[in-house]
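This briefing looks at two places in the structure shown below: the surroundings of a single residue, and a small sheet with its neighbouring helix.

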Amino acid sequence: MSSLFAWQRYVKHLCVVDAVGLTLDVSKMRFSDAWFAGMQAPLAKALDDMAALEAGAIANPDEGRRVGHYWLRAPALAPPAEAAAITAALAQVKAFARDVHAGRVTAPSGPRFTDVLLIGIGGSALGPQLASDALGTPRDAMRLHFFDNTDPDGFDRVLARLEGRLAGTLTVVISKSGGTKETRNGMLEAKAAYARAGLAFERHAVAVTSEGSELHALAAPWLARFPMWDWVGGRTSQLSAVGLLPAALQGLDIDGLLEGARLADVATRSRALSENPAALLALMWHHATGGRGEKDLVVLPYKDRLLLLSRYLQQLVMESLGKEKDLAGAVVHQGLAVYGNKGSTDQHAYVQQLREGVPNVFVLFIEVLKDREGPSLEVEPGVTAGDYLLGFLLGTRAALDETGRESMTLTIPDVSARSLGALIAVFERAVGLYASLVGVNAYHQPGVEAGKKAATGVLSLQQRVVAALDATPRTAGELAEKAQAPDVETVFQVLRHLAANGRAKRQAAAVCVADRFFRD
């Protein structure tokens, strides 16, 4: 490709959103003009579908649910009841954060809250983690810590960082239903830690949950309760109280987050592709993957502050698009795998394979124009470390292009609340549009629910195995028979875990099938 042709293609297909300073360059995606023209009618239908969702159409027929995360940054577009709820929740978040920062809401013993322990899973943690890491500074009003798994050692690591500061730690428990086991476990672990420190957990805790949930009832005596609604899914909840409350407590600019998202929403409703980065992203995903997930999307943000962006996008994209069946009920096994770390770290990790290995990827570079606050040191005459970062981005992009590996570049002016809000909104809309293009429901996740049910079954089996243990050493097969549990492999895995944690005894044999388990 000649340099003149490359420049002409860049100019022809560059998408510019002046309102938030965002651009999307798709010139390194090797689509033809004919393909591009042929996708205009399907894209128009996808935009119609999206407009219907924003107007309140049912998005999830399985549950009779609407999709309202777009209303969070533009309540005027929502039905009256939802608009009032959004406005009231935002006011509650701001007032509570102000009261905490001013010392009007304090721990029972009197010290101001200095730290926040957020307990959540999936979208209830990934969004807040992204915002906290991307926008945080040493001058933040409060420091955030996270329980985002059901890993006992993970709990211990976080609590060790809070040693001596638990009295000034406010815990935020986030669960729509209140029945999410990972979050419930984290809450119980936190409650036990407060008790060990002689503190009343209830006077250090707030809940973000749906009205009428188990958690809503449990949290009645806590410091506060904030709403979640069935029309906002976990992976699109960052701009609800789920993400805004921890951000406000940290001292981040939540108005900027909402404003950036609102302005990006305006742009991503446009029928002009030169102004709609979400529509252009959805088209490029379709082009790169054949509309069947045939290639993986590698997200490479060239900015340390956006390290967690790929983790956030993994859930948003993969949980939304990874579906067995399409809207007509046909088995299609759709999806788009997402992974990534950051530039230029990845140039010393897996860019070698991206360029010369299996051609099963396409790349999205994230460029941030502003290097830092204030001037930069010249590491060489006339060259700063930030210049090198741009050089590595453009060099990697060119190196991939040389071997026919496709890429896009999304550029934002800085890592600010406004820019981050815009990024969140662009990707939320791109996922919805792509789902329409390939005919799947982006707003339900039956596979996640299946995994939860399977885990519940394993724990039920464990109770039977524990009841079968006694002082007589028995193999996994013998204990499975005694417990009337035909899945011997799972019984063995459970017994091995119990023994490793001192809850059973294990007599090792030459082969694991002959290992015997018992308890005193």
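In this predicted model, T409 counts as buried because its relative accessibility is 6%, which lies under the 20% cut-off for that class. The residue belongs to strand β17, which covers residues 407-412. The points below take up the surroundings of T409 and then turn to a sheet formed by 3 strands.

**Surroundings of T409**

- Leaving aside residues up to four places away in sequence, T409 touches T23, L24 and D25, as well as L364, F365, E367 and R397.
- With R397, one of these contacting residues, T409 also shares a polar contact of 3.3 Å between the two side chains.
- Although T409 and H13 are separated by 396 residues in sequence, their C-alpha atoms lie 12 Å apart in space.

**The sheet of β18, β20 and β19**

- The 3 strands are arranged in the order β18-β20-β19 as an open sheet, and their pairing is antiparallel.
- The edges of this sheet are formed by β18 (474-475) and β19 (505-507), each of which pairs on one side only.
- Strand β20, which spans residues 516-518, runs antiparallel to β18 and is joined to β18 by 2 bridges; in β20, F517 is the bridge partner of R474.

**The helix on the sheet**

- Helix α18, made up of residues 488-500, packs on the sheet and touches both β19 and β20.
- The direction of α18 makes an angle of about 60° with the direction of β20.

Notes. Residues are numbered from 1 along each chain as its sequence is written. This is a predicted model: local features need pLDDT of at least 70, side-chain atom pairs count only at pLDDT 80 or more; totals for chains, interfaces and linings use all residues. Side-chain values use heavy atoms; hydrogens and water are left out. Helices (H or I, at least four residues) and strands (E, at least two) are DSSP runs, numbered from the N terminus. Buried means under 20% relative accessible area, exposed over 50%, partly exposed in between (1.4 Å probe, protein chains only). Contact means heavy atoms within 4.5 Å. A polar contact is a pair of N or O atoms within 3.5 Å; within protein, one must be able to donate a hydrogen and the other to accept it, and residues adjacent in sequence count only if both atoms are side-chain atoms. Two strands pair if DSSP finds at least two bridges between them. Axes are lines fitted to C-alpha atoms, for helices over the stretch in contact, and angles run from 0 to 180 degrees between N-to-C directions.
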